[in-house]
Amino acid sequence: MGAPSNSGGKNALLRGLPSIEQLLRRPSLEPLLAGVPRARAVAALRLAVDRVRARLLQGDERAFEDSDVRDALTSLATPNLRPVLNATGVVLHTNLGRAPLAPEAVARVVSIARGYSNLEYDLDEGERGSRYAPVIGLLRTLTGAEDALVVNNCAGAALLVLAALASGRECIVSRGELVEIGGGFRVPDVMRQSGAKLVEVGTTNRTRRADYASAVGPDTGLLVKVHRSNFALVGFTEEVDVAELAALGRERGVPVFQDLGSGALVPLEGEGLTQEPTVARSVAAGADVIAFSGDKLLGGPQAGIVVGRAELIARVRAHPLTRALRVDKMTVAALEATLELYRDGRPHAVPTYRLLAQRPEELRARALRLQGLLAERGVSARVEGVVGQVGGGAMPLARLPSFACILNLETPETFLDCLRGGDVPVIGRITDGEGVLDVRCLAEEELNAVADAVAAARPGNPP
Ligand SMILES: *Cc1c(COP(=O)(O)O)cnc(C)c1O
């Protein structure tokens, strides 16, 4: 129980909080506020007063100080969404923005975003055009599909395809593929949302062609195949591959939709990577419609790409949800530039592809360089081989051999908190109770900043 005098002191401090008008006239704040636009100064003063009030209410009885205004000005000058350095070793980290874009894609976004563009304007005809037009040709070339469409993300693409092609009808899916992708995206829920009726076949571990065949009836709208993405089925298992399912679909006159998720456009290189099916392989195997993400293994902007048979894509495009899920010009710009890199045979120019393809020797050399930079700042670390992940719900069994600097810390959790809270946030990870900085996703030119951040966050150092 707090003593009455304490709470009396608190109330007095709360009553004594300065007004914004008083602070604007306070001579000691003049140097801090000189040159700051008035609206921003007022916002900073409000933030500072609010913070002191919250502090007092929590029992911290430090009165209002000019340094509170300095801190508030710093907060306002720092965007909420800002770059971080990824020392987790996870290449497609959904929390960290998934795929970093190629410089070519960034440049294209800048050139399109800053002005007007022919986003929906056909320059030859001088009339309204389609916003997908810039990427349809590239997607056809790269996947072998007849036609293509782009929406906001792959979850949206799956919802749209199901709604357009199977609403009010039956969708047949294997029980081994009723996956939860993450962030609450569950295949059975999406089906329900789309208005399609889910028909589950097979068992968790085994589904055969006969299971699908006996479920097909007059109400069947789609045969659906879902990439397991983030989990693996091992042991006594059996599944129907997309070619076999497509053959069944053709025989019975039912289209096959494959939700491919990660959607690699070309085979990946890199140790520890299992062979991920490419989109082109699914098209060649006979899938009628395929959905995949723009910002997973493709390494482009967030997008949901739908490719497939022209007549089915036309039906999908005509559905009202297409408008609700449409992409922005910045997405089209980044996607076109990224797809061009694949068309030109330059997958190494796509950061995701390159980050996955790095050789262990390269990674070891980079970890040693980081170790050296840390040592220059008085921080000792050992370099060790570690295991990283692809991330983004792709290739859960892939064990990417990587290298890391492992720090000698008493309280790694506290240290990682400090590292995250620095001017340039660095995101590390804890493995077996130790603080690990995996160098796979760190660029050579970022190592100095990482070393500075570690030195600043070291326990005992001022923040
Ligand atoms: C990741 C994934 C999705 C969701 O993709 P987003 O682009 O994140 O919306 C859907 N289906 C599968 C199979 C996936 O792997």
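## A first look at the ligand

Which backbone atom of A155 lies 2.8 Å from the ligand, and what kind of ligand atom is at the other end? In this predicted model, the A155 partner is a backbone N or O atom, and on the ligand side there is an oxygen atom. C154 has a contact to describe as well: one of its backbone N or O atoms lies 2.9 Å from an oxygen atom of the ligand. S229 takes part through its side chain, where an N or O atom is 2.4 Å from a ligand oxygen atom. Taken alone, the ligand exposes 380 Å², and the protein buries 94% of that area.

## Who lines the shell

Let's go around the ligand. Its surroundings consist of R98, N153, C154, A155, I181, F185, H227, S229, D259, G261, S293 and K296. Sorted by character, the shell residues divide into 4 nonpolar, 5 polar and 3 charged. If you like to think in secondary structure, the elements that give two or more residues to this shell are α8 (154-166) and β11 (256-261).

R98 deserves a second glance. This member of the ligand's surroundings sits in the loop between β2 (90-92) and α6 (103-113). Its phi is near 50°, a positive value in a residue other than glycine.

## How the chain is divided

Stepping back from the ligand, the domain assignment gives three entries: domain 1 (6-77), domain 2 (85-94 + 354-457) and domain 3 (103-349). Note that domain 2 is written as two segments, 85-94 and 354-457. Taken over C-alpha atoms, the centres of domain 1 and domain 3 are separated by 52 Å.

## Two exposed loop residues

Where in the chain would you find D432? D432 belongs to the loop between β17 (429-431) and β18 (434-438). The phi of D432 is near 50°, again a positive value in a residue other than glycine. D432 counts as exposed because its relative accessibility is 76%, and the cut-off for exposed is over 50%.

N408 is placed in the loop between β15 (400-407) and α18 (412-420). With 67% relative accessibility, N408 counts as exposed too. For a sense of distance, consider N408 together with E127: these residues are 281 residues apart along the chain, and their C-alpha atoms are separated by 65 Å.

Definitions and conventions: Residues are numbered from 1 along each chain as its sequence is written. This is a predicted model: local features need pLDDT of at least 70, side-chain atom pairs count only at pLDDT 80 or more; totals for chains, interfaces and linings use all residues. Side-chain values use heavy atoms; hydrogens and water are left out. Domain bounds come from an automatic or database domain assignment. A residue is near a molecule or strand if one of its heavy atoms lies within 4 Å of it. A polar contact is a pair of N or O atoms within 3.5 Å; within protein, one must be able to donate a hydrogen and the other to accept it, and residues adjacent in sequence count only if both atoms are side-chain atoms. Accessible areas come from the Shrake-Rupley method with a 1.4 Å probe; for residues, only the protein chains shown count as cover. Helices (H or I, at least four residues) and strands (E, at least two) are DSSP runs, numbered from the N terminus. Ala, Val, Leu, Ile, Met, Phe, Trp, Tyr, Cys and Pro count as nonpolar, Asp, Glu, Lys and Arg as charged, and the others, Gly among them, as polar. Buried means under 20% relative accessible area, exposed over 50%, partly exposed in between (1.4 Å probe, protein chains only).
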